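Biologist: I have the coordinates open. Can we go through the fold and then one residue?

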Amino acid sequence: MRLTEHQVQAIRDATIEVVGHAAPVWLFGSRVNESARGGDVDLMVQLTEPVNDPASLMIKLSTKVSKSMHGRKVDVLIEAPNLKYFPIHDMVKAHGVLL
């Protein structure tokens, strides 16, 4: 995994601030590959409660994490009971890293 402990903590803190509670957050994509260079930060947040405005939630979390990482691009995927489940959710759980 190519994140520092400080970056992992920033992601956890941002998730609590935006979601309102601790939620499982997964890192996936190129940042999981130790031999890769650069790349954006791909995150998936697992929520147990329905989300009223998922787009707004994704933007808020992405922006907050990006600021803590000096402008690094951050993509956020959400898993919630009221949102459609896609194969990428399974891929993240199989190949991602739970922060």
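Biologist: How many helices and strands does the protein chain have?
Modeller: There are 3 helices and 4 strands, counted as DSSP runs, with H or I over at least four residues for a helix and E over at least two for a strand, numbered from the N terminus. This is a predicted model, where local features need pLDDT of at least 70, side-chain atom pairs count only at pLDDT 80 or more, and totals for chains, interfaces and linings use all residues. Residues are numbered from 1 along each chain as its sequence is written, and side-chain values use heavy atoms, leaving out hydrogens and water.

Biologist: In what order do the elements run?
Modeller: From the N terminus, α-β-β-α-β-α-β.

Biologist: What share of the residues is buried?
Modeller: Of the 99 residues, 40%. Buried means under 20% relative accessible area, exposed over 50%, and partly exposed in between, using a 1.4 Å probe and protein chains only.

Biologist: Switching to serine 66. Where is it?
Modeller: Serine 66 is in helix α2, which covers residues 54-68.

Biologist: Buried or exposed?
Modeller: Serine 66 has a relative accessible area of 16%, so it counts as buried.

Biologist: What does serine 66 touch, sequence neighbours within four places aside?
Modeller: Gly71, Arg72 and Val74, where contact means heavy atoms within 4.5 Å.

Biologist: And how far is a polar atom of its side chain from the backbone oxygen of arginine 72?
Modeller: The two atoms are 2.8 Å apart.

Key
A polar contact is a pair of N or O atoms within 3.5 Å; within protein, one must be able to donate a hydrogen and the other to accept it, and residues adjacent in sequence count only if both atoms are side-chain atoms.
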